[in-house]
Each structure stands twice: as C-alpha cells, then as structure tokens.
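Biologist: Could you walk me through one part of this model in detail, please? I would like to start from a surface feature and then work inwards to the sheet.

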Amino acid sequence: MITRRKTRKIYVGSVPIGGDAPISVQSMTKTDTRNVKETLSQIFRLKEAGCEIVRVSVPDKESVRALKEIKKESPLPVIADIHFNHRLALESIENGADCLRINPGNIGDKEKLKTIIKSAKNKEISIRIGINSGSLEKHILKKYGATTAEAMVESALNNIKFFEDMDFRDIKISIKASDVERTVKAYRLLGEKVDYPFHVGITEAGTYFSGTIKSSIGIGILLYEGIGDTIRVSLTSNPEEEVKVAWEILKSLGLRKRGVEIVSCPTCSRLEVNLIPIVSEIERRLANLDYPLHLAIMGCVVNGPGEASEAEIGLACGKGVGLIYRKGEIQKKVKEDEMIDELIKTINIYLKEKTIDFKIL
Ligand code: SF4
C-alpha cells in the first residue's frame, strides 16, 4: 500500500492537485501554438486518451493571442509554458491561462518575477515552478561545482521562499534532471522540506521505447515512495502516447484506474493459437474504453483457465478453440476464428448489464 506524501491542495482550472486529489495526468501539445485549429484538435485527442491537464508553449506574441482562442474551446485546463519573457507570462494570465509554468531562473530580474506573481494572485491561478538541472543560477552552480541534486534543491528552496515572501502559495514544483538518479534524489530531498504538490517527470526522457522505460522507472520509484501529485511522461513521440504511458504507470502501481487492464501470457511452446495478433486486436478495439475492465487472455490450457477465471472477463485458448469466462464461470466455447468477436460480444453484454454506456465495435 502506497502512502502518499502529505501535500497542500492547489488547482489548475477545475483539476485539484495535491492533498487527497487523485494523481493527475498531464501532457503538452506539440503543435505550433499559433495554429489554433491544430492545437485544439490535439487537445481533444489528448482528452480522449485520458489527459486531464494540457500545457502549451507560448514562445511569442502570436502564441499568446492564440492561447486566448485555445482557452475558449479547450476541454482541459490549460497551462501556459513560458520561458525568458515575463510579458508573455503576464499576457497569458490575461488571456485566460489556468496556470503558468515558469523557470524563475530564466525570467530575468526579480521585479519581473514579482509582477508575474502579483498578476497570478489577482487572477487566482496557480504557478508551477520548474527547476531544471540545465538552467541553475550561476551562484548555486559555483557553490556546488556541478548540477547536483542538492544544488537543484537549493535553487528550488530559494525560489519557493521568494513566492512565499509575496504570500503566494498556489504553487507546484518540478525538479528535473535528465537522468533518473539525480531526479529521484532531488525530489526526495525537496519532499522532506516543503509540502507543496510535486509535478513529477523525467525530462527529455527520449524515444517512445527508451523514454517509456526511463520514465516508468523514474516516475515509478517516486510514486511508489508516495512522491508525486501530477505526472507528465515526456517522449519524443506523439503526446497521446505520453498519456497512455502515464496511465499505465499509475495503473500498475494501483494509484488510478482507467481503461482495460489486460493480463496476457508471454506465450511459450505450449501455445495453441496465434496469440500475439489476437491480443493486439483486442487491445486496439478496447482502447477507448474508460471502464477499468480486468481482462485475461491466455494462450493454453496450462495456466489459461486459472487466470481467465479470476478476471472479470477471460479467454483461455486451447487447440483451435477458446473458452470465454465471465466472473469465473465458463460462458461459451468458441472456434479460434470467432474468438475475438465472441469475446467483444461478451464484454458488450457485461458493460450493458453494468449500465456502462459504451459499445465496443
Ligand atoms: Fe505458455 Fe500457456 Fe503460460 Fe501462455 S499460458 S505462457 S502458452 S504455459
């Protein structure tokens, strides 16, 4: 059982972060923010995939103008991602951003940061303080000689104090390095010192394959220790994939439930059907189901019936045939070429009886 670190609750739009709120999933659009149509269509796809908060980068004036239009239509709370330019931050607040993501180290002098904090306070929106190993303050780098976890924590604490001195506490913190070890250490150290909610992620994690592994390990370690209130998986891939990976991490730690959980066997020489395409096809057809269905698909009669009968719905394959289970009871015996359709039929009936308004096609 994971005991979550006690944190104060803040909001990004209507989504609570920290306290007793569920760990939320966020992602970032990868379109040109100035292209409102494309950005919104990506946001809608992200929502469909299970994203709960979206971040858009705001690198110039045109993007700030687009943000206003995006915000009007967005089905998700929108975080404006700002670097270097405090005017863009102020205009993003005016244009309806639900939260800002800034790295105070690159905003410039403290007066500029003060104007951002004041404006966020007036509009009652939150701010993520993003501490990044790549952009630590010079005096801190000099003191530690390298971008260590301790150096990152000192930078975070200094910045937090600045916000607190202005009586602004609607903050969440991220403290990221591109390697797992330093990131985990920095979050652990900072978690002992403050009670602000944490945005957790491994920055620049890499491609879909390696980045998924790196993120799962880094984010997984922290979540297992109770650290993390909202997560973002960063992948050099389309953002819907980031959201799917994020959910799988949360689901595998039992922290959230969403969508089908497929238990399937790795296959071996006892396999009696061509299981891999069967599982892929079933996974594809169930991809948009929100209900957390526990589904087992097993390749032979050795372990198949046991696993299949423990799931809500199960398929245990034999030579050219499959047994479909529902809550431990055999429902029917079907031929191999009818397995998928029959299984889907069984699931649709099951969902209907549970009054879940979703039909798998
Ligand atoms: Fe092998 Fe059967 Fe186990 Fe699948 S369920 S891995 S086919 S023994």
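Modeller: Happy to. Let's begin with I221, which counts as partly exposed because its relative accessibility is 31%. Bear in mind that this is a predicted model. I221 belongs to helix 8, which covers residues 208-224. Together with F209, I213 and I217, I221 makes a nonpolar surface patch of about 380 Å². Patch members need over 30% relative accessible area, and I221 has 31%.

From there we can turn to the sheet. Eight strands make up an open sheet, ordered 8-7-6-5-4-3-10-9, with parallel pairing. Its edges are strand 8 and strand 9 (199-200), each of which pairs on one side only. As a reminder, strands of a sheet pair through backbone hydrogen bonds, in either a parallel or an antiparallel sense.

Strand 8 deserves the closest look. Although strand 8 is an edge strand, six of the six residues in its run, 171-176, are buried, so it is largely enclosed by the rest of the structure. I171, I173 and I175 point one way from the strand, while K172, S174 and K176 point the other way. All of these residues are buried, the two lysines K172 and K176 included. The neighbour of strand 8 is strand 7 (residues 126-132), and the two pair in the parallel sense over six bridges. Within that pairing, K172 of strand 8 is the bridge partner of R128.

The loops that lead into these two strands each hold a residue with an unusual backbone angle to look at. Ahead of strand 7, the loop that follows helix 4 (110-123) contains E124. E124 is not a glycine, yet its phi is positive, at about 55°. With a relative accessible area of 69%, E124 is exposed. Ahead of strand 8, D167 sits in the loop that comes after helix 6 (149-165). D167 also is a residue other than glycine with a positive phi, near 60°. Its relative accessibility of 49% makes D167 partly exposed; the cut-off for exposed is over 50%.

Further along the sheet, strand 4 (residues 53-57) and strand 5 (residues 78-82) pair in the parallel sense over four bridges. There, V54 has V78 of strand 5 as its bridge partner.

Last comes the ligand. Around it are C265, P266, T267, C268, R270, L271, G299, C300 and N303. By class, that shell holds five nonpolar, three polar and one charged residues.

Note on methods: Residues numbered from 1 in each chain as written. Predicted model: local features only at pLDDT ≥ 70, side-chain atom pairs only at ≥ 80, totals over all residues. Heavy atoms only, no water. Buried < 20%, exposed > 50% of the residue type's maximum accessible area, 1.4 Å probe, protein only. Pairing = 2+ DSSP bridges. Near = heavy atom within 4 Å. Nonpolar A, V, L, I, M, F, W, Y, C, P; charged D, E, K, R; others polar. Patch = residues over 30% accessible without salt bridge, like charges linked within 9 Å, V, L, I, M, F, W, Y side chains within 5 Å. Areas by Shrake-Rupley, 256 points an atom, 1.4 Å probe, with all protein chains shown as cover. Salt bridge = Lys/Arg side-chain N within 4 Å of Asp/Glu carboxyl O.
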